[in-house]
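My notebook is open, and I want to look at the hollows and the helix packing here. I'll jot things down as I go.

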Amino acid sequence: MRLSGGAAVLLAGMILRAAPAAGANCESLAHLSLADTTITAAQTVPAGSFAPPEGKPIPVARGFCRVAGVIRPSSDSDIQFEVWMPSRDWNGKFQGVGNGGFAGAISFAGLAGAVAHGYAAASTDTGHHGMGTDAAWALGHPEKVVDFGYRAIHETAVKAKAVIAAFYGETPRRSYFSSCSNGGRQALMEAQRFPADYDGIIAGAPANYWTHLLSGALWVVQATMAEPNAYIPASKLPAIEAAALAACDASDGVQDKVIDEPSQCRFDPEKLRCKGPESDACLTAPQVAALRKIYAGPRDSKGRKIFPGYSPGGETGSGGWAPWITGAAPAKSLLFAFGTNFFSGMVYENPAWDFHAFQVDRDVPQADKKLAATLNATDPDLRRFRERGGKLILYHGWSDAAIPPLNAIDYYRSVVSAMGENDTRGFVRLFMVPGMQHCGGGPGPDVFGQAGVPQRDPQHDVAAALERWVEQGVAPEEIIATKYKSGMNPSSGVVRTRPLCAYPLVARWKGSGSTDDAANFVCEKPSPAR
């Protein structure tokens, strides 16, 4: 007798409730029947190390039940996914793990991190296999583009909850999703399209206006390649950052190599124009023009804004402009890779498409017409998510060289405009992070629990703050960020702490005490525009 998907889940749950807590019946999930889904693996993995199908082994802090499968909601879908569930001491919660770039791989490290802290977790490749900057898979595969756009993340959440219910005999009591970049876009897509999937969502540096973001990427590429002398080599970035800091660093009352309010910074690149022979300390006239375009953002022929520009400050560093904007040479930046792959693979589906032909007035509307409904997560109407008690936290680093930070503010303001300020504050918070680059790094304090699962107290950990908000009703008004001497390693020692204030408030030094101690700052209204 063949059982329906729901009956199979119920039966498996009844069996496993009577099983030992160590998950001895994990292997029985290989026979679980779920709609449009084939289970390809179900195995108990002991603590120690796990060898993914590809790549190097990763450490795992506790044993877990691993279920892998493929979901095919369309004839051209092939959504690979994995669900990892602690063999013991499950905290009763589910964590969705997102993807960066064009996805194309399951995040095994994200799964391991969630399981280590007691969460059941799931990740997907979003329906294709490839590098994060590659969109060649999209040529001739519109259903795969839909899977990448929104369907795979939703289907994975639904199937994962069914697998979890089968293993533990109960569904998760709370479900959370936290991710950054394209993962931030996925997060907002979940809140907008599938409000029942998650109770709490963190959207970091969201690439939610996908069609305009990647149009803006080509705007930057063209600005720096309009003529041979327009390209800005990475060797000039220290001079650009120093000039921006000289103009705006001290405007917040603290000179710390961080511009707290870049949107209020009136740095004029003309100050860097070479007065004599060109050197790394100055810019040519075409380079000055290119830098102005990068800060201003793309405009159409009538001067209308297509997307925000990049912020001054934080141009140097491993996560700054060198990898994203300038590249090691012309046409070698990450913005070049993302922009050209988007238009050649998704918009025009032509590998021979030439970025030199890109025109804002023609190509941005074409991208919107074909793909906005599938890829953009810009809907400000979050009433369904709010009505079921959902909570949303957005964050964005002010020194992000991948996604202009003003985009996050634009989206937050659109929600306020659509739903009213009081309603919005009842379930949404935005935290802008001075000096942080893309999802982390940069000159400012950049560690505040954005890895996805709570590891510290709600005052220092945005994931813990989200869970307290969902489960106890305490909304986060400020979160303390930390700058360590080495990356995200607490054992390396603390350089500085600062409060991140719920937008539109900003952190202000009280005028006494160390400027490296968050206790000496208070959240206040921002400075008036100059």
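**Entry 1: the second largest pocket**

I looked up the second largest pocket and got a volume of about 370 Å³. This is a predicted model, so I keep that in mind for everything below. I found 22 residues lining this pocket, and S263, W398, I409, Y503 and V506 are the ones nearest its centre.

Which elements supply at least two residues each to this lining? I noted α12 (406-419), β13 (494-501) and β14 (506-509). The largest share, four residues, comes from α12. Sorting the lining by class, I got 14 nonpolar, three polar and five charged residues.

**Entry 2: the largest pocket**

Next I went to the largest pocket, which holds about 650 Å³ of space. Its lining has 37 residues, and the closest to the centre are N99, G100, S179, C180 and C439. I then checked which elements give two or more residues to that lining, and wrote down β6 (93-97), α2 (108-116), β8 (174-180), α5 and α9 (334-347). Helix α2 gives the most, with four residues.

How many residues of each class line the largest pocket? I got 18 nonpolar and 19 polar, with no charged residues. Back in the second largest pocket, my list did have charged residues, five of them.

**Entry 3: cavities**

Then I turned to the cavities. A search of the whole structure turns up seven of them at 30 Å³ or more. The largest cavity has about 70 Å³ of space.

What lines the largest cavity? I wrote down D256, V258, D260, P434, P445, R498, P499, L500 and A507. Strand β13 supplies the largest share, three residues. I had met β13 already, in the lining of the second largest pocket. By class, the cavity lining comes out as six nonpolar and three charged residues, with no polar ones.

**Entry 4: α5 against α10**

On to helix packing. My reminder to self: two packed helices are described by the angle between their axes and the distance between the axes.

I started with α5 (residues 210-225), which also turned up in the lining of the largest pocket. Its axis and that of α10 (residues 360-375) come within 8 Å and cross at roughly 150 degrees. Are the two helices roughly parallel or roughly antiparallel? The cut-off for roughly antiparallel is over 145 degrees, so α5 and α10 are roughly antiparallel to each other. I also noted that their crossing is right-handed.

For the residues that meet, I listed W210, T211, H212, S215 and W219 on the α5 side. On the α10 side are V360, V364, A367, D368, L371, A372 and L375. By class, this contact has eight nonpolar, three polar and one charged residues.

**Entry 5: α5 against α7**

Last, I looked up α5 with helix α7 (residues 285-296). Their axes come within 8 Å and cross at roughly 170 degrees. That makes α5 roughly antiparallel to α7.

Which residues meet here? From α5 I have W219, V220, A223 and T224, and from α7 I have A290, K293 and I294. The residues of this contact divide into five nonpolar, one polar and one charged.

I put a star next to W219 in my list, where it meets α7 and also sits in the contact with α10.

Technical notes:
Residues numbered from 1 in each chain as written. Predicted model: local features only at pLDDT ≥ 70, side-chain atom pairs only at ≥ 80, totals over all residues. Heavy atoms only, no water. Axes fitted to C-alpha atoms, helices over the stretch in contact; angles between N-to-C directions. Parallel < 35°, antiparallel > 145°, perpendicular 65-115°, else oblique. Left-handed = near helix turned anticlockwise from the far one by under 90°. Contact = heavy atoms within 4.5 Å. Nonpolar A, V, L, I, M, F, W, Y, C, P; charged D, E, K, R; others polar. 1 Å grid on protein atoms, 1.4 Å probe; cavity = no way out; pocket = protein on both sides within 12 Å on 5 of 7 lines; lining within 4 Å. Points joined across faces, edges and corners; volume = space filled by probe spheres on them.
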